[in-house]
Amino acid sequence: MQAQDSAEPYEGSELFKLRHTAAHVMAQAVLELFPGAKLGIGPPVVDGFYYDFDLGLDENGRPRTFAQADLERIEKRMRQIIAGKHPLRTKVVTADEARELFADQPYKLEIIDGLLRGEFNEYGDDVEDRQRAIDNLVISTYRHDTFEDLCKGPHVAHTGLIPVDAFQLMSTAAAYWRGDQSRPMLQRIYGTAWFSKKDLKRHLQLLEEAKKRDHRKLGRELELYIMDEEVGPGLPLWLPNGNILREELEKLAHEMEDAAGYQRVATPHIAKEELFRHSGHLDYYEESMYPPMEREDIRYYLKPMNCPFHHKIFASKPRSYRDLPLKLAEYGMIYRYEQSGELFGLMRVRAAQQNDAHIYCAEDQVEAEFTAVIDLYRHYFSLFGIDRYVMRLSLHERSQLGVKYADDEAAWLKAEAMARRVMKASGVPFVEARGEAAFYGPKIDVQAWSVIGREFSLATNQIDFVAPARFGLTFTNRDGQPEMPYCIHRAPLGAHERYIGFLIEHYGGNFPVWLAPEQVRVIPITDDHHDYARRVAARLSEAGVRVHADLGSDRMGAKIRAAQLMRVPYMAVVGGQEAAAETLAVRYRDGEQRNDTPLGEFVAHAQKRIRTRSGEL
Ligand SMILES: [Zn+2]
Ligand SMILES: [Zn+2]
C-alpha cells in the first residue's frame, strides 16, 4: 500500500510511538522550565509532534509566548530526559483518580469530562458516535520520570529510544484550545523526530526544497497569479502566464472527455434559493456558501457546486436507456466561503473552477463508468508523473443514517459494494474510511504526494443515488418503465486553482514544455542579430509554439539569466553564424546546450514535445 510509505505515521507505528513519546518528553521539559504551565494536547502529526501549553498572561495581559531561546533550553532539557532512559508505564484509572491526578491541569480536566460524556477523545477531537465512545471508555495515563499524562498510548518502552540527534524543535504557533476562537489561546511547539540523524537531515532538506517551491512564492516570481486586497481574500486573479496553465489543462480535459463521449454544457454562477433548497445544499452545506443576495423579493446564491444545474439539464427532456450513459461536463466556477484562517494561496480559495462532470447511467452501467473514471485519474497521474497517491473510499456510518447521510441503508450498501469492486479490480491503492462519505453516497478522495513528498488532496468523485431521486430524474428503461439513474460526480483534475498550486510545487516551476507559459525565448547575441531573432520567433509562433524574442537592451548574459529565472524550457541563442546557416544554439533549461541545431529541426522537436505532452525537454 503506497499510503504507508508516506511521511504520515499511522497510529501505532514505531514512528508514531517515537514522536508521541517525544511530545511527552517535551511536555515534561516545559513543565520544569515553566512551572505553572497548563497542558493542552500533544499528539504525533505528519513529520513530528506538537504540544500546546498555556503559559498564562504577560505584564500586558496577553498570552505569554515561547522565545527562540526558550526552545533551545527546552531542547537541551529534553536531551537530558532522553539520556535518563526512563521507562514509560501505563495504568488504567477511574474518572475520580484521573481528576485527582490532573487537579491543577484545567484542560486535562475538560478532556476527562469530554471523555466521560463521549464528546471527544484524548486529543480533544469531536467524537461522532458518542454512545460507542462511552461504552468503550477506558481512561489511562502514561508516566515516565516525573511526568504523567492523560494518554491512551502507545509509546516506546523508554525515553532513551528517542535518538538524541534525530529530533529538533521547529517552531511555535498560537492555537486556540480545541480550535475554538472563543477559548483561550495556547502556545504550540512543533517538533520533528525521526529514526536517525540521516532521516532528520533529509527531512530538513525537503523542507528547504519545499520553501523554494512554495506555490505562493513561485506564483509571484513566475507571474502566474496575484491576490489583491481590494478584490478580496481567496479570490485569485490569474495573470497571462497562469492563464496559459489553465487553458492547457482545460484543453487536456476537453480532449480526454471528448474522446470518452462527454458533452459540454455551461451554466450560470448564481441560482435562486429554491434550487439549493431542492438540492439539499442549503440544508447541509449552507455554512460553506456565500450569503444570499436579494432583488425583487427573490433570493439568489452563488453556486457552491455545479451538480444541481446539470441535474436540471438532464431533466430538461425525456431520456431513454439509449441516451445513457449521459455525460455532462463543464469547467464550472464554484464559490465556497472557506474560513479566513483556512485560506492558503491557491490551495484553499473562495472561487474556483472545477473540472466537473456528471455521468447519468443505469445501475448496470455504474461499474463500467466508474472504472473509466478511475482510469482517467490514472491517465492524469501518469501524465504528470504523480506516482505516489492513494484513494480513500469514504463510507456511511450506520448511526448517522437520516442525520448526516441519506436514510436508505440498502442503497448505501449497494453503492459502496459497487465502488469497492471497481477499486479492487482496478488495482489502485485505496483505503476505506467509515463515516466520511458525502450526504448522498460513497465518496472517493485522492491524496497525492508531490515529488518532494508534500501531501495534497486533489480530487473527489461520488456515486450518488440521492440527487436523482430529489430531482425526480428518470429515464425510460428497456421495458418501457421509468427508472431512476445513478449519478457519478467526478472531477479528476479537481479545481484549476488547487491543481495548478500542486503542479507549481510538484515541478518547482519547471513545467513540461506543453504547459510552460513561455516555451522558447530567442536571445540575439548583439543588436545586429535582431532580424534573424524576429524571423526565428515568427517561424516558431506559426508552428504553434509560445515564443518571445528578447530584443531589449540588456547584454546577452543578463537575458539568459532572466530566461532561466522564468524557467523557460528552451533558449535559442542566435548570432551571425546562426543567421548565416539558419541554425540555433539551443540552451536547454537543464543546462544542456546544442549548437548548430537547424531551425527546422528545432521547430519539429518543440512541436513534438508539445503535441505528445512529453515530460522530456
Ligand atoms: Zn501519550
Ligand atoms: Zn457534482
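## Contact between α12 and α13

In this predicted model, Val366, Glu367, Phe370, Thr371 and Ile374 of helix α12 are in contact with Met418, Ala419, Arg421, Val422, Met423 and Ser426 of helix α13. Sorted by residue class, the residues of this contact comprise 7 nonpolar, 2 polar and 2 charged.

The two helices, α12 spanning residues 366–383 and α13 spanning residues 409–426, pack at an angle of about 50 degrees, and their axes are 9 Å apart. Because angles between 35 and 65 degrees fall outside the roughly parallel and roughly perpendicular ranges, α12 is described as oblique to α13. The crossing of α12 and α13 is right-handed.

## Contact between α8 and α15

A second helix pair is formed by α8 (residues 240–259) and α15 (residues 496–507), whose axes lie 11 Å apart and which pack at an angle of about 110 degrees. Since 65 to 115 degrees counts as roughly perpendicular, α8 and α15 are assigned to that class with respect to each other.

On the α8 side the contact involves Gly242, Leu245, Arg246 and Leu249, which meet His496, Tyr499 and Ile500 of α15. The residues of the contact of α8 with α15 divide into 4 nonpolar, 2 polar and 1 charged.

## The open sheet of eight strands

An open sheet is built from 8 strands, arranged in the order β11-β15-β16-β23-β20-β19-β17-β18, and its pairing is mixed. The edges are occupied by β11 (263–264) and β18 (430–434), each of which pairs on one side only.

Within this sheet, strand β20 (residues 455–464) and strand β23 (residues 486–490) are antiparallel partners, joined over 4 bridges. In this pairing, Asp464 stands opposite Cys487 of β23.

## Pairings of β8

Strand β8 (residues 185–193) runs antiparallel to strand β3 (residues 48–54), and 6 bridges join the two; here Gly48 stands opposite Thr192 of β8. Strand β8 also pairs with strand β7 (residues 167–176), again in the antiparallel sense, over 9 bridges, and in this case Thr172 is the residue that stands opposite Ile189 of β8. As a general matter, the strands of a sheet pair through backbone hydrogen bonds, in either a parallel or an antiparallel sense.

## Domain assignment

The domain assignment of the protein gives domain 1 as residues 2–196, domain 2 as the two segments 220–267 and 306–507, and domain 3 as residues 520–611. Between domain 2 and domain 3, the C-alpha centres are separated by 41 Å.

Note on methods: Residues are numbered from 1 along each chain as its sequence is written. Chains are lettered from A and ligands numbered from 1 in the order in which they are written. This is a predicted model: local features need pLDDT of at least 70, side-chain atom pairs count only at pLDDT 80 or more; totals for chains, interfaces and linings use all residues. Axes are lines fitted to C-alpha atoms, for helices over the stretch in contact, and angles run from 0 to 180 degrees between N-to-C directions. Angles under 35 degrees count as roughly parallel, over 145 as roughly antiparallel, 65 to 115 as roughly perpendicular and the rest as oblique. A crossing is left-handed if the near helix is turned anticlockwise from the far one by less than a right angle, and right-handed if clockwise. Two residues are in contact if their C-beta atoms, placed from the backbone, lie within 7 Å. Ala, Val, Leu, Ile, Met, Phe, Trp, Tyr, Cys and Pro count as nonpolar, Asp, Glu, Lys and Arg as charged, and the others, Gly among them, as polar. Domain bounds come from an automatic or database domain assignment. Two strands pair if DSSP finds at least two bridges between them.
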